[in-house]
Amino acid sequence: MFASRLESGARMLDLVVEHAGRLASWTGFALVCVMAFNVLLRYAFHTGSVAMQELEWHLMAPVSLLCMAYAIKHEGHVRVDILYGRFPARLKQVLEVISCLVAVAFAVIIIQLSLGYVMQSYAIGEKSPDPGGLPYRFMLKAMIPLGFLLLLIQSLAATLRALIPFFGGHIPPESQPDRPFEHAAE
């Protein structure tokens with residue numbers, strides 16, 4: 001009974017990460033368009049724009065930070081499990097809970113540390129130091145706590161799922177993360 005509640009909670013958290021990741025992934029398309037436009041300006045018209053060049057790395061922030069939790073949800077990250085694959089199932093479950101809790105703590109720390117950084121940027125009206133550069137630098141910096149908030153949500157979902165076996169439940173196959181590749185140690 002409690003295991004099914006954990007799974008329901010994990011599914012709700014997964015939905016937040018899924019929708020945010022899909023929305024943020026469109027910035028990758030925007031990044032490609034901006035880069036192609038910059039290349040066209042540079043090589044075809046021998047000109048360029050500081051604002052458009054800065055927009056490239058302004059778009060890189062959402063791609064990397066906001067899609068980080070989405071990539072983890074879909075097992076798009078690298079796992080080094082040379083020893084882990086040889087551990088007994090119960091030890092693997094304990095390590096999974098511990099690693100999820102470490103990820104939660106790490107995300108909370110980064111969020112706390114970065115909020116002041118973003119607020120300071122907003123308070124001083126930080127903008128690009130280059131003439132013709134982009135204003136509102138705080139929006140770029142706001143991707144840090146937002147990205148780690150999504151990581152926190154995904155880590156909480158993973159923690160709930162990791163706790164399910166300890167309460168007599170089994171993780172249903174449809175709620176397990178995607179595993180497009182087999183791990184080397186398995």
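**Figure 1. Asparagine 38 in helix α1 of the predicted model.** Asparagine 38 is found in helix α1, and the structure shown here and in the following views is a predicted model. With a relative accessibility of 4%, asparagine 38 counts as buried, because buried means under 20% relative accessible area. Once its neighbours within four places in sequence are set aside, asparagine 38 is in contact with Met52, Gln53 and Glu56. Helix α2 spans residues 50–66.

**Figure 2. Methionine 35 and its approach to glutamine 53.** Methionine 35 is placed in helix α1. Its relative accessibility of 39% makes methionine 35 partly exposed, whereas asparagine 38, also in helix α1, is buried at 4%. Between methionine 35 and glutamine 53 the C-alpha to C-alpha distance is 7.9 Å, with their positions 18 residues apart in sequence. Glutamine 53 is also one of the residues in contact with asparagine 38.

**Figure 3. Histidine 46 in the loop between α1 and α2.** Histidine 46 is located in the loop that joins α1 and α2. The backbone of histidine 46 has a positive phi of about 50°, although the residue is not a glycine. With a relative accessible area of 69%, histidine 46 is exposed, since the class begins over 50%.

**Figure 4. Tyrosine 136 in the loop between α4 and α5.** Tyrosine 136 lies in the loop between α4 and α5. A positive phi, near 60°, is found for tyrosine 136, which is a residue other than glycine. Tyrosine 136 counts as exposed at 52% relative accessibility.

**Figure 5. The second largest pocket.** The space in the second largest pocket amounts to about 260 Å³. The pocket is lined by 15 residues, of which Thr27, His58, Pro62, Met139 and Met143 are the closest to its centre. At least two lining residues come from each of α1 (2–44), α2 (50–66), α5 (137–141) and α6 (143–163). Helix α2 gives the most to the lining of this pocket, namely 5 residues. By class, the lining of the second largest pocket has 13 nonpolar and 2 polar residues, and no charged residues.

**Figure 6. The largest nonpolar core.** The largest nonpolar core has 17 residues, and Leu66, Met143, Phe148 and Leu152 are those with the most contacts inside this core. Helices α1, α2, α4 (89–123) and α6 each supply at least two residues of the core. The largest share, 6 residues, comes from α6.

**Figure 7. Methionine 143, shared by the pocket lining and the core.** Methionine 143 is among the residues closest to the centre of the second largest pocket, and it is also among those with the most contacts inside the largest nonpolar core. Apart from its neighbours within four places in sequence, methionine 143 is in contact with Ala61, Pro62, Leu65 and Leu66. Of these partners, Pro62 is likewise listed among the residues closest to the centre of the pocket, while Leu66 is listed among the residues with the most contacts inside the core.

**Figure 8. Lysine 73 and alanine 158.** Lysine 73 is placed in helix α3, which covers residues 68–73. A relative accessible area of 16% puts lysine 73 in the buried class, because that value falls under 20%. The C-alpha atoms of lysine 73 and alanine 158 are separated by 8.4 Å, and the two residues are 85 residues apart along the chain.

**Figure 9. Cysteine 33 and cysteine 100.** Cysteine 33 is partly exposed, with a relative accessibility of 38%, whereas cysteine 100 is buried, with a relative accessibility of 6%. A search of the whole structure finds 0 disulfides.

**Figure 10. The helical chain as context for the close-up views.** The chain has 6 helices and 0 strands, in the order α-α-α-α-α-α along the sequence. Of its 186 residues, 32% count as buried. Among contacts in the chain with a separation of 6 or more, 78% are between residues 24 or more positions apart.

Terms used. Residues are numbered from 1 along each chain as its sequence is written. This is a predicted model: local features need pLDDT of at least 70, side-chain atom pairs count only at pLDDT 80 or more; totals for chains, interfaces and linings use all residues. Side-chain values use heavy atoms; hydrogens and water are left out. A disulfide is a pair of cysteine sulfur atoms within 2.5 Å. Buried means under 20% relative accessible area, exposed over 50%, partly exposed in between (1.4 Å probe, protein chains only). On a 1 Å grid over the protein atoms alone, a cavity is a set of points where a 1.4 Å probe fits but cannot get out, and a pocket is an open set with protein on both sides within 12 Å along at least five of seven lines; lining residues have an atom within 4 Å of a point. Grid points are joined across faces, edges and corners, and a volume is the space filled by probe spheres set on the points. Helices (H or I, at least four residues) and strands (E, at least two) are DSSP runs, numbered from the N terminus. Ala, Val, Leu, Ile, Met, Phe, Trp, Tyr, Cys and Pro count as nonpolar, Asp, Glu, Lys and Arg as charged, and the others, Gly among them, as polar. A nonpolar core is a set of buried Ala, Val, Leu, Ile, Met, Phe, Trp, Tyr and Cys residues joined through side-chain atoms within 4.5 Å. Contact means heavy atoms within 4.5 Å.
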